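Welcome! Let's walk through this protein together, one question at a time.

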Amino acid sequence: MWPCITICRPLLLKLRSRYAFSKDTRQTLVSPSKLIFRPSASCTGVGKKWTRPTGYDTGLKTYNSLTKQKEPLILAQEGIATWYSCGPTVYDHAHLGHACSYVRFDIIQRVLSRVFGINVIHVMVITDIDDKIIRRALEKSVSPTVLARMYEEEFKNDMLALKVLPPAVYLRVTENIPQIVAFIEGIIRNEHAYATKQGDVYFDIGSIGDRYGKLMGAGDATGEPGDREKRDSRDFALWKASKPQEPSWESPWGKGRPGWHIECSTIASSVFGSQLDIHSGGIDLAFPHHENEIAQCEAYHQSGQWGNYFLHSGHLHLKGSAEKMSKSLNNYITIKDFLESYSANEFRMFCLLTKYRSAIDYSDASLNEARSSLATITAFTHDAQAYMRGQLQCQAVEEGALWERLAETKANVVRALADDFDTPRVVNAIMSLVYHGNRHLQPITKPDRSPRSPAVFGAFLAYIREVFEVLGVDLLDRKEAHSVDSSGTLENVVEQLARFRSDVRAFALSVQDTPPGEPAHASPSPCSEKLPLLKACDTLRKDLASMGVHIRDRGPNSTWEISQKRPAGQDKK
Ligand SMILES: Nc1ncnc2c1ncn2[C@@H]1O[C@H](COP(=O)(O)OP(=O)(O)OP(=O)(O)O)[C@@H](O)[C@H]1O
Ligand SMILES: [Zn+2]
C-alpha cells in the first residue's frame with residue numbers, strides 16, 4: 001500500500017496548494033488521500049513499540065511523543081480526528097502559559113479543519129477537584145465547587161478573548177464520578193489495580209511489566225509518596241480515601257475521590273471508546289500524567305495502543321527564568337492583565353513565530369517583535385489597497401513574476417503546515433511575499449502611463465488575509481489596524497482635541513456666575529454662555545469614551561488615555 005501513498009502525496013499537496021483556503025477547499029480536499037486497510041493491526045501492539053495506526057492517511061506528518069519523531073498522521077476514520085486534551089486545574093487565574101498551550105493547539109486544530117478538511121472532535125476536561133483546589137478553597141473559606149466554578153468561568157472567558165475555539169464539549173471531573181468508579185472497577189477486574197485496607201486504590205505497575213513507560217520510559221520513576229500497602233513505589237492512586245474536610249463520593253472502597261490521572265482516561269474513553277487519534281497537553285503533563293493515562297486505558301480496554309498520537313507543546317517561560325510560568329510557582333502574568341497591553345492577534349502572532357513544540361521566552365521584546373511583524377503585514381495590505389484604488393502610483397510591475405510568487409507561496413504554506421504544523425515557516429513565506437509585494441509598491445513622483453496591475457495585489461491581499469484568518473489572526477480587526485500603523489497619528493489628533501476641549505472648558509469654568517458687586521439681574525447671566533460650552537465638553541467626553549478614548553477632568557485640567565479594550569457591548573468589526 002505504501003508506494004501508492006508515496007505517489008499520492010505530492011499530488012495531494014499540489015491540489016492543496018492550488019485550492020488551498022478557498023471556500024470550497026474543504027469539500028474538494030476531504031478525500032484525496034488513500035484509506036489504508038491493515039487487518040486489525042491497531043490493537044495488537046505488544047510491549048512499548050508504537051504501531052502505525054490503520055485508517056485514513058491525511059498526508060500530514062506530526063511529531064509523536066510516543067516515537068520521538070515525525071510520523072504520518074493516520075486517523076481511524078476518514079476526515080475525522082478524535083482529540084482529547086487536558087484542561088486546567090481551576091484554582092487560580094489562567095495565565096500566559098495556559099494561553100500559549102491552548103492557542104498553539106487551537107492553531108493546529110484550525111489548520112487541520114480549514115486547510116486539510118478534517119473535522120476535529122475536541123473534548124477537554126476541567127479538573128475541578130484536586131488537592132490544590134481543596135487547599136485554596138480552605139484558605140479562602142469557600143467551597144471547592146464555588147472556587148472551581150469561578151475560575152472555570154474565568155478560564156473560558158479568557159480563551160474566548162484569545163479567540164481559542166471552544167472544544168465540542170468541556171467535561172468536569174465532579175460530574176463523571178460514577179463513570180470514574182466504574183472505570184477503576186474495570187481495571188481491578190482486569191487485575192491491574194488493587195484496593196488497600198485504607199480504602200485507596202492503586203494501579204499495579206508490575207502487572208503490565210515493561211509496557212509501563214511507553215511515552216517517557218519508566219527508568220528512574222519513583223512514583224507518588226504513598227502508604228506502606230503499595231506493592232511498588234511507582235504505583236499511583238486511582239482512588240483516594242477521604243480525609244476530614246475534603247469533598248468525597250461513595251464508592252465500593254468507601255468514601256473518597258478520584259486520583260488525577262484516572263479522570264482523563266475515563267472521560268476520554270467515555271466519549272471516544274477504546275481508541276483515540278490525538279491527545280494533547282503541555283510537555284509537563286507527559287510524565288507522569290500521560291504515561292499513567294496510557295497505562296490505565298490500555299489496562300482497562302486491554303488494548304495494545306489506546307492513543308495513537310501524543311502532541312506536547314513547549315513551555316512558556318518568563319525571559320531569563322528557567323522555570324515555566326505556573327500557578328503553583330506564582331510567577332505568572334494573567335491573560336486579563338496581558339490583554340490590557342497587547343491584543344489577542346499579537347499574542348497569536350507571538351505563538352506563530354515559534355514551533356508549537358519549542359519552549360518560548362516571554363518578554364516585551366518578543367511581544368514587540370510579533371507586533372512589528374503584524375504591523376509590516378498590515379501596512380502592506382493598506383498600501384496594496386491604496387494601489388488598487390489608484391491612490392498610490394507606482395512603476396509598471398512584473399505581474400507574471402508576482403503571480404508565480406503567489407502560487408509558490410501557497411504551495412510552501414501548505415507544505416510547511418503539513419510538516420508538523422511549522423508555523424514559523426508559514427510566517428516566513430508570507431513575510432517574503434510581503435517583501436516582494438512591497439518592492440513593487442514604491443511610489444513614483446511623476447505619474448506615468450505604465451499599465452497597472454491591481455488584480456495581482458488584490459490576490460496577494462485576499463490570500464494573506466485568508467491565511468491569517470485560518471490561523472486565527474484577524475487582519476481586519478480595526479483595533480489592530482490602529483495600533484499598527486496609525487497609532488501615532490491617532491494619539492496626536494487626540495492630544496490636540498483634548499487640549500482644545502481643555503482650553504474651552506477652563507475658559508467656561510473661569511467665567512463667574514455673577515460678576516462680583518453687580519446685581520444678578522443687571523446683565524445677561526454669564527451662566528447662559530458657559531452652560532452650552534460645558535455641555536459640549538461633556539458630550540465630547542462621552543462620545544470619545546464610546547470609541548475607547550477616555551478623558552478625565554481633574555479640576556480645571558484634563559488627562560486622557562486610549563484603552564486597548566473596546567468598551568463592553570461594542571461590536572468589533
Ligand atoms: N508555562 C506554561 N507553558 C506552556 N503550557 C503550560 C504552562 N503552564 C501550564 N501549561 C499547560 O496548561 C495546561 C493546564 O495546566 P495547569 O492547570 O496544570 O497549569 P499550571 O499553572 O501548571 O498549574 P500548577 O502550577 O498547579 O501545576 C496544561 O496542558 C499545561 O501543560
Ligand atoms: Zn489529563
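**Core, sheets and ligand shell**

The largest nonpolar core (buried Ala, Val, Leu, Ile, Met, Phe, Trp, Tyr and Cys residues joined through C-beta atoms within 7 Å) has 121 residues, and those with the most contacts inside it are L96, V103, V111, I184, I187, L238 and I430. Helix α3, residues 96–114, gives the most to this core, with ten residues. This is a predicted model, in which local features need pLDDT of at least 70 and side-chain atom pairs count only at pLDDT 80 or more, while totals for chains, interfaces and linings use all residues. Residues are numbered from 1 along each chain as its sequence is written, and chains are lettered from A and ligands numbered from 1 in the order in which they are written.

Q: How many helices and strands does the protein have?
A: Helices (H or I, at least four residues) and strands (E, at least two) are DSSP runs, numbered from the N terminus. By that count, the secondary structure comes to 16 helices and 16 strands.

Q: What percentage of the 573 residues count as buried?
A: A residue is buried if 20 or more other C-beta atoms lie within 10 Å of its own, exposed if 12 or fewer, and partly exposed in between, with C-beta atoms placed from the backbone. Of the 573 residues, the share that counts as buried is 39%.

Q: Which residues does I184 touch, not counting residues up to four places away in sequence?
A: I184 is among the residues with the most contacts inside the largest nonpolar core. Two residues are in contact if their C-beta atoms, placed from the backbone, lie within 7 Å. Leaving out residues up to four places away, I184 touches A193, V201, L238, W239 and I262.

Q: Which element gives the largest share of the shell around ligand 1?
A: There are 20 residues around ligand 1, and the closest are P88, G97, S101, G282 and S328; a residue is near a molecule if its C-beta atom, placed from the backbone, lies within 6 Å of it. The elements giving two or more residues to this shell are β4 (80–89), α3 and β11 (276–282). The largest share, four residues, comes from α3.

Q: How many residues of the shell around ligand 1 are nonpolar, polar and charged?
A: Here Ala, Val, Leu, Ile, Met, Phe, Trp, Tyr, Cys and Pro count as nonpolar, Asp, Glu, Lys and Arg as charged, and the others, Gly among them, as polar. By these classes, the shell has six nonpolar, ten polar and four charged residues.

Q: Which strands stand at the edges of the sheet β6-β5-β4-β11-β12?
A: Strands of a sheet pair through backbone hydrogen bonds, either parallel or antiparallel. Two strands pair if DSSP finds at least two bridges between them, and in this open sheet of five strands the pairing is parallel. Each edge strand has a single partner, so one side of each is left without a neighbour in the sheet; these strands are β6 (169–172) and β12 (307–313).

Q: At about what angle does helix α7 run to β5?
A: Axes are lines fitted to C-alpha atoms, for helices over the stretch in contact, and angles run from 0 to 180 degrees between N-to-C directions. Helix α7 (residues 260–272) lies across β4, β5, β6 and β11. Its angle to β5 is about 145°.

Q: Is T89 buried or exposed?
A: T89 lies in strand β4. Beyond its neighbours within four places in sequence, T89 is in contact with T127, D130, K132 and I133. Because T89 has 21 C-beta neighbours inside 10 Å, it counts as buried.

Q: Which residue in β10 stands opposite W239?
A: Four strands form an open antiparallel sheet in the order β7-β8-β9-β10. Strand β9 (residues 237–241) is joined to β10 by three bridges. The residue in β10 opposite W239 is P258.

Q: Is E191 buried or exposed?
A: E191 is found in the loop between α6 and β7, and has a positive phi of about 65° although it is not a glycine. Most residues other than glycine have a negative phi, and most peptide bonds are trans. With 10 other C-beta atoms within 10 Å, E191 is exposed.

Q: Which peptide bond is cis, with omega near 0°?
A: The bond in question leads to P288, a residue of helix α8 (residues 286–301). With omega near 0°, the cis bond is the one from F287 to P288.
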